[in-house]
Amino acid sequence: MINVNAFDDGVIEGPHLGNVTYLVTSEDPAFGGMAVEATVVSILDDDSLRVSEVILNNEDPQRSSIEEVNVVFNTIVQTQASDYELRHLGTGQVASPILMSPTNVNGRTEVSLIFDRASLLDGDYELLIHATSLNASGHLLDGNADSIPGDDFTYQADDFYQFYGDTNGDGFVDAVDLFDNFLPSFGAQVGDPNYRSDLDRNSDGFVDAVDLFDHFMPNFGTSRDS
Ligand SMILES: [Ca+2]
Ligand SMILES: [Ca+2]
Ligand SMILES: [Ca+2]
Ligand SMILES: [Ca+2]
């Protein structure tokens, strides 16, 4: 009788080969210690490099601008800015991060992505992560989490959008956004306590009449679905 015990180790190894070796014991000297050729077995691995979480704007509900996107992986990864693309679902326009900073925390990599805010159009977005070079010690991304590595990851969510002026993320730019958030920061510049980068639509360092008349007022009274 031969029993083989497999251990679920949680280590990302990819599909690999293993040897099952034998030790023959018998009281009969003709069999005891007899050499038996090892059996080569194919081992499938249910551990893979995956995306654990995507977080928009550090969980701030505002959707007035896409300030930061955070990606949390399930292990330590080697990554570069070109692994990521932010795609506008309406126009198909793609933006690459202007800043990509990975931090390793508790055995996982958390990546901060910053895009050129002023150039992003309002609308629904998706985040693409390419499986071409991103890796964990040589193991490629398993984007669809089926244990087979080498495929891209796509993140879509109902609240993954930009709608300039929607400071509370309710899908409307209305009086609440105007009176509670826009007007209190109106006239502020970078460094002022009431300056808000998510309301500085053209990223010139001021929340001023340009932002109000060219960007806020055209959205005022509309909803993201209209
Ligand atoms: Ca494993
Ligand atoms: Ca896969
Ligand atoms: Ca709103
Ligand atoms: Ca401005």
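In this predicted model, the largest nonpolar core is made up of 20 residues, and the members that touch the most others are Val69, Val71, Leu113 and Ile129. Several strands feed into this core: β3 (51–56), β4 (69–73), β5 (84–88), β8 (108–114) and β9 (123–129) each give two or more residues to it. That fits a general habit: in soluble globular proteins, nonpolar side chains tend to be buried together.

Ile129 is a handy place to look at the packing up close. Leaving aside residues up to four places away in sequence, Ile129 touches Val51, Val71, Asp83, Tyr84, Leu134, Leu141, Gly143, Asp152 and Phe153. One of these partners, Val71, is itself among the core members with the most contacts to other members.

Zooming out, the chain has two helices and 13 strands. Of its 226 residues, 24% count as buried. Contacts between residues 24 or more positions apart make up 59% of those with a separation of 6 or more.

What about the overall outline? The C-alpha atoms fill a box of roughly 95 × 35 × 25 Å along the principal axes. The radius of gyration comes out at 26 Å, whereas a compact globule of 226 residues would have one near 17 Å.

The chain splits into domain 1 (1–47), domain 2 (51–162) and domain 3 (175–219). The centres of domain 2 and domain 3, taken over C-alpha atoms, sit 27 Å apart. Where these two meet, six residues of domain 2 are in contact with six residues of domain 3. On the domain 2 side, the touching residues are a mix of one nonpolar, three polar and two charged.

Two spots in the backbone also deserve a look. Ser137 is not a glycine, yet its phi is positive, at about 50°. This serine belongs to the loop between β10 (135–136) and β11 (139–140). Ser137 counts as exposed because just 11 other C-beta atoms lie within 10 Å, and the cut-off for exposed is 12 or fewer.

Ala145 does something similar, with a positive phi of about 55° although it is not a glycine either. Ala145 is found in the loop between β11 and β12 (153–155). With 15 other C-beta atoms within 10 Å, Ala145 is partly exposed. That label applies because the count falls between the limit for exposed, 12 or fewer, and the limit for buried, 20 or more.

How values were computed: Residues are numbered from 1 along each chain as its sequence is written. Chains are lettered from A and ligands numbered from 1 in the order in which they are written. This is a predicted model: local features need pLDDT of at least 70, side-chain atom pairs count only at pLDDT 80 or more; totals for chains, interfaces and linings use all residues. A nonpolar core is a set of buried Ala, Val, Leu, Ile, Met, Phe, Trp, Tyr and Cys residues joined through C-beta atoms within 7 Å. Helices (H or I, at least four residues) and strands (E, at least two) are DSSP runs, numbered from the N terminus. Two residues are in contact if their C-beta atoms, placed from the backbone, lie within 7 Å. Domain bounds come from an automatic or database domain assignment. Ala, Val, Leu, Ile, Met, Phe, Trp, Tyr, Cys and Pro count as nonpolar, Asp, Glu, Lys and Arg as charged, and the others, Gly among them, as polar. The radius of gyration is taken over C-alpha atoms; the globule rule is 2.2 Å times the number of residues to the power 0.38.
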